[in-house]
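Reader: Hi! I've got a two-chain model open and would love a quick chat about it. Could you pull it up?

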Amino acid sequence: MADLTTDFLGIKSPNPFWLASAPPTDKEYNVRRAFEAGWGGVVWKTLGSEGPPVVNVNGPRYGAIWGADRRLLGLNNIELITDRPLETNLEEIARVKADYPDRAMIVSLMVPCDEDSWKAILPRVAETGADGIELNFGCPHGMSERGMGAAVGQVPEYVEMVTRWCKTYYDKPVIVKLTPNIADIRGPARAAKNGGADAVSLINTINSITAVNLDSMSPEPMIDGRGTHGGYCGPAVKPIALNMVAEIARDPATRGLPISGIGGVTTWRDAAEFMALGAGNVQVCTAAMTYGFKIVQEMISGLSQWMDEKGYASTGDIVGRAVPNVTDWQYLNLNHITKARINQDLCIKCGRCYAACEDTSHQAISMSPDRVFEVMDDECVACNLCVNVCPVDDCITMEVLQPGQVDERTGKVVEEAYANWTTHPNNPMAKAAE
Amino acid sequence: MTAPQRSDGVMPGRLGPAILEQNFRDAYPPLNPHEATVAADRCYFCHDAPCITACPTEIDIPLFIRQIATGTPKAAARTILSQNILGGMCARVCPTETLCEQACVREAAEGKPVEIGQLQRFATDQLMATGAHPFQRAAPTGKTIAVVGAGPAGLACAHRLAMHGHDVVIFEAKPKGGGLNEYGIAAYKSTEDFAQRELDWLLQIGGIDIRHGQRLGVAISLPALQTEYDAVFLGMGLGGVNALGVPGEDKDHAEDAVAFISDLRQADDLAALPIGRRVVVIGGGMTAIDAGVQAKLLGAEDVTIVYRRGKEAMSASDHEQDHAQRKGVRLIYNAAPVGIEGNGRLTGVTFAYTETRDGKLVVTDDTFTLPADQVFKAIGQTLEGVPDGLKLDGRKIAVSGAGATSLDGVWAGGDCAAGGDDLTVTAVAEGRDAADDIHRSLMG
């Protein structure tokens, strides 16, 4: 059996599945039940400064998009940080951590962007015995209007400054949670590292309007006829999150900086993908909010089975394994030539490949009167669109042409040597191969 | 006293009203909006979709399903009805398992096609529930066309002619319009008086006058219609019933299945309909299935459908045969009736097993007798009272192109015309296409 225990910044947890800072981790009741269900750790829902707690709207907090059968694909929210008293949260954190010493307990924080505010709250958190803190620099609504959350996360100088304060006034690991609502995720990641962050976690939610109510002409979720942007999460954001994790993992300035991967993790496979791109663990929220805490059982069993099948003994074996293969477009091998192949035995003759190729791509699929669809190699540019629109698993695949074979589209013989855009004759900036 | 179900003879009231109500409910309840969305999502929106080709009326099925999936079922209904004005009835009675759903690529992929018939019903029900009629008539042409028969072919023809701006007079023999939609078809396929509601909805187009009690050859004649109207469409269906030609056929309770089905459809009180304890149905088409199943639902204890050829030759689809068997009807294949038994009262039917020798069906000496107190004959209907001068093709009116007969200015479609399956949907296609052809011919 694969060993799923993780050691993230020295914080041990029985598996890499943590619940992200969000409604599921807002109180002792939920967190105890999450731990009983098997979650490896939690990031407690963001605490604010001492004083009157924030207030939330009293209408809908969530908007959503759905696939067929109302499968939740994307969720957004306009909820703020915890609206419970600071003292209550701290007491509960201490109690739960004491009862679950083997689980990771991280406390998410968001206080005004001044040194005194941070200096005031950090010792209080330390007293709880929590394993570390996560700085919420990502919350895109409400708090950002007050100069917190994403308002900090979008300014690398602030990220660095606040991180440094936390490292000064707090002994245990500091994780900086990054907002994706920025042009280049590497800026705030570098700033966090420069400020002394032990790790970054990403992505926080994405600015979004999930829908417009076409009767009331209001964005959803709608509060009394009006709406605002909320933070988008769930399966739909995973591709964006994976890219941002990879960007940080392969950036020379941040390479090696531990990453906690967040963004649409719904199954063990999603988790494995984040980890392959450099995440030391993952944080989950929407999947739990959709299906309940029990979902972690599938994540644990699935990751374990896959690691066993692949011969990975521990989670450390998979973290970052795909990072060397993430590159820039200009380094992709232009001599790698493939052609689409349609398996006629599997084909159900729906013609979607034909419509897609004929109408929107390269007119490289023929259709006979009796609905036989075939790829014309002299037109196929191997774009993969037919593969993606085909409703049948493995019916259309891409076959790699071997060196020496002729690409009928170009008439050229496939070369064995790797060659990319940097040396291509059409590139005005091409450098001759040395 | 013997329980009503176990009393011999042909008698009413074998089942109580509550059970009858349950038995004759919608056999396939409609999809609710969520079910429709889920079912619609299964459609792959095929290119040049095989289901369209398989539909005699060539409804753009992927388009209407996508319109359902995107929350516009009334637009979906318009897509359906623009090709098939009786799309609501066809959604209920089409043998989709041998038409669109058989062609569905998901049938090939998983043996589980998209539920096209049910989705069509969902869309058309949504639109019809509004009471609105989605089509308008073109400017009046001043032409008037006579349509004989207010069945599917006649109604489809009349509606399309009305849309083109013509006036239409439909001559119908029976007291109600709808043809087999009203007088044929099992009751559980067309509940809540759907045939009449659909007819009323269809007539909202305007310009269609239905005259009842107007049987061709009795109240009206083809030459007179030709003289009086700009064109004539014949869609009177098949009024005659084939006889078995066996001894005892004239006994009481040896009845035509079509009459039984019609009586049942027109009955105000199903408990008042007499039915046998043991019923034998002879035939292999939809009429045989509808009669057999409904006999069972009325409370017959023992119902057997006997067909002279094999299962695969039966014109009722596998789906329909399965439906009958699920309802407790027994099916016997490869047996032909040789006599109806009974000294006075009907007591049974004797059959002989058949074999196919050199491609010909041969009746063997191997016989058996099924006890029965009621027999329904369902071995096909025939065209009656063919007007003089009309060329026939076999036993039906010969047509060419879009239903043109051998007489100038006379078109025909539906079951009375040669070619095509005797299905509601085929009749609609033929009526519609004849209307377009009539329009072209009248307007030049």
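Reader: Thanks! How many residue pairs are in polar contact across the interface of chain B and chain A?
Author: Happy to help. This is a predicted model, and the rule finds five such pairs across that interface, with both residues at pLDDT 80 or more.

Reader: And how many salt bridges between chain B and chain A?
Author: Zero, by the rule used here.

Reader: Which elements of chain B give two or more residues to the side that touches chain A?
Author: Those are helix H2 (33-41) and helix H8 (105-110) of chain B. H2(B) provides the largest share, three residues. By class, that side of chain B has eight nonpolar, two polar and two charged residues.

Reader: Nice. How much area do chain B and chain A bury between them?
Author: About 1000 Å², with 65% of it on carbon and sulfur atoms. On the chain B side, His34(B), Tyr44(B) and His47(B) supply 52% of the area buried against chain A, more than any other three residues. As for contacts, twelve residues of chain B meet 13 residues of chain A.

Reader: Switching topic to strands: does S16(A) run parallel or antiparallel to strand S6 of chain A?
Author: Antiparallel: three bridges join S6 (residues 72-77) to S16 (residues 230-233). Within that pairing, Asn76(A) is opposite Tyr232(A).

Reader: What about strand S11 of chain A and S16(A), how many bridges there?
Author: Three, and S11 (residues 206-208) also pairs with S16(A) in the antiparallel sense. Here Gly231(A) of S16(A) has Asn207(A) opposite.

Definitions and conventions
Residues numbered from 1 in each chain as written. Chains lettered and ligands numbered in written order. Predicted model: local features only at pLDDT ≥ 70, side-chain atom pairs only at ≥ 80, totals over all residues. Heavy atoms only, no water. Contact = heavy atoms within 4.5 Å. Buried area = accessible area lost by both parts, 1.4 Å probe. Salt bridge = Lys/Arg side-chain N within 4 Å of Asp/Glu carboxyl O. Polar contact = N/O pair within 3.5 Å; in protein donor to acceptor, adjacent residues only side chain to side chain. Helix = DSSP H or I, 4+ residues; strand = E, 2+ residues; numbered from the N terminus. Nonpolar A, V, L, I, M, F, W, Y, C, P; charged D, E, K, R; others polar. Pairing = 2+ DSSP bridges.
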